[in-house]
Amino acid sequence: QVQVVESGGGSVRPGESLSLPCVVSGTTRDFLAIGWFRQAPGKEREGVSCISDLEDYYADSVKGRFLISKNRVKSTVYLHMTSLKPEDTATYSCGVDNGSCATDWYGFWKYDSWGQGIQVTVSS
């Protein structure tokens, strides 16, 4: 009964910023791991970031540019993206796991529920 809904997204120019909300409902667990993944046409799906109550992780390709956070009631996770590059263009998806980010956060098989994905395009 877990529901995952992404929003935001769109088209921006290089160097600009964008934030993607991921709203999670249908669970009262407080040790969820929320992961963001992305996939571009012709390329493999890659892990971008993961957050739990005590830790967060980032792929090397986005470290220092992207920030993942939760709101105060922990119902929404945000992926804040700055200094966007054309290489960031992809479909971004939010996944939910009832464990932690400490083990294999970058493995998509770890996550139990997914949103439908949202497009981010970075071009001049």
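Q: Let me start with a single side chain: at 33% relative accessibility, what does Glu 46 count as?
A: In this predicted model, Glu 46 counts as partly exposed, because its 33% relative accessibility falls between the cut-offs of 20% for buried and 50% for exposed.

Q: Which side chain does Glu 46 meet in a salt bridge?
A: Glu 46 meets the side chain of Arg 38, with 2.8 Å from N to O. The two ends have their own settings: Arg 38 is buried, at a relative accessible area of 5%, while Glu 46 is partly exposed at 33%.

Q: How many salt bridges are there in the whole structure, and which residues are linked in a network?
A: A search of the whole structure turns up 7 salt bridges. Arg 38, Glu 46, Arg 65 and Asp 88 are linked in a network of them. Within that group, Arg 65 forms a salt bridge with Asp 88, and their closest N and O atoms are 2.8 Å apart. This pair links distant parts of the chain, since Arg 65 sits in the loop between β6 and β7 and Asp 88 in the loop between β8 and β9, 23 residues apart.

Q: Are Arg 65 and Asp 88 buried or exposed?
A: Arg 65 counts as buried at 11% relative accessibility, and Asp 88 is buried too, with a relative accessible area of 1%.

Q: Where do the side chains of Asp 53 and Lys 70 meet, in terms of loops and strands?
A: Their salt bridge spans 2.7 Å from N to O. Asp 53 lies in the loop between β5 and β6 (56–58) and Lys 70 in strand β7, so the pair ties together parts of the chain 17 residues apart in sequence. Asp 53 is partly exposed at 37% relative accessible area, and Lys 70 counts as partly exposed at 25%.

Q: Now the fold as a whole: how many helices and strands does the chain have?
A: The chain has 0 helices and 11 strands. Read along the sequence, its pattern is therefore β-β-β-β-β-β-β-β-β-β-β. The radius of gyration is 14 Å, close to the 14 Å that the globule rule gives for 124 residues, so the chain is as compact as a globular protein of that length. Along the principal axes, its C-alpha atoms fill a box of roughly 45 × 25 × 25 Å.

Q: What share of contacts joins residues at least 24 apart?
A: Among contacts between residues at least 6 apart in sequence, 58% join residues at least 24 apart.

Q: In what order do the strands of the open sheet stand?
A: Here is the general idea. Strands of a sheet pair through backbone hydrogen bonds, either parallel or antiparallel. In this case, 4 strands form an open sheet in the order β1-β3-β8-β7, with antiparallel pairing. β1 (3–6) and β7 stand at the edges with a single partner strand each, so one side of each has no neighbour in the sheet. From one strand to the next, the twist averages 15 degrees.

Q: Which residues can I use as landmarks for the pairing, such as the bridge partner of Val 5?
A: Take the sheet one pair at a time. β1 and β3 are joined by 4 bridges, and Val 5 has Val 23 in β3 as its bridge partner. Next, 6 bridges join β3 to β8, where Pro 21 stands opposite Tyr 78 in β8. Finally, β7 and β8 share 5 bridges, and Ile 68 is partnered with Leu 79 in β8.

Q: Which side chains of β1 point to one face and which to the other?
A: In a regular strand the side chains alternate between the two faces of the sheet. Along β1, Val 4 and Glu 6 point to one face and are buried, whereas Gln 3 and Val 5 point to the other and are not.

Q: Which residues have the most contacts inside the largest nonpolar core?
A: In soluble globular proteins, nonpolar side chains tend to be buried together. Here the largest nonpolar core has 28 residues, and those with the most contacts inside it are Leu 20, Ile 34, Trp 36, Phe 66, Leu 79, Met 81 and Tyr 92. Elements giving two or more residues to this core include β3 (18–25), β4 (33–39), β8 (76–81) and β9 (90–97). A second, separate core has 6 residues, among them Phe 37, Cys 50, Trp 105 and Tyr 111.

Q: What is Leu 20 in contact with, leaving aside neighbours within four places in sequence?
A: Its contacts include Trp 36, Leu 79, Met 81, Tyr 92, Ile 118 and Val 120.

Conventions. Residues numbered from 1 in each chain as written. Predicted model: local features only at pLDDT ≥ 70, side-chain atom pairs only at ≥ 80, totals over all residues. Heavy atoms only, no water. Core = buried A, V, L, I, M, F, W, Y, C linked by side-chain atoms within 4.5 Å. Buried < 20%, exposed > 50% of the residue type's maximum accessible area, 1.4 Å probe, protein only. Contact = heavy atoms within 4.5 Å. Pairing = 2+ DSSP bridges. Axes fitted to C-alpha atoms, helices over the stretch in contact; angles between N-to-C directions. Salt bridge = Lys/Arg side-chain N within 4 Å of Asp/Glu carboxyl O. Rg over C-alpha atoms; globule rule 2.2 N^0.38 Å.
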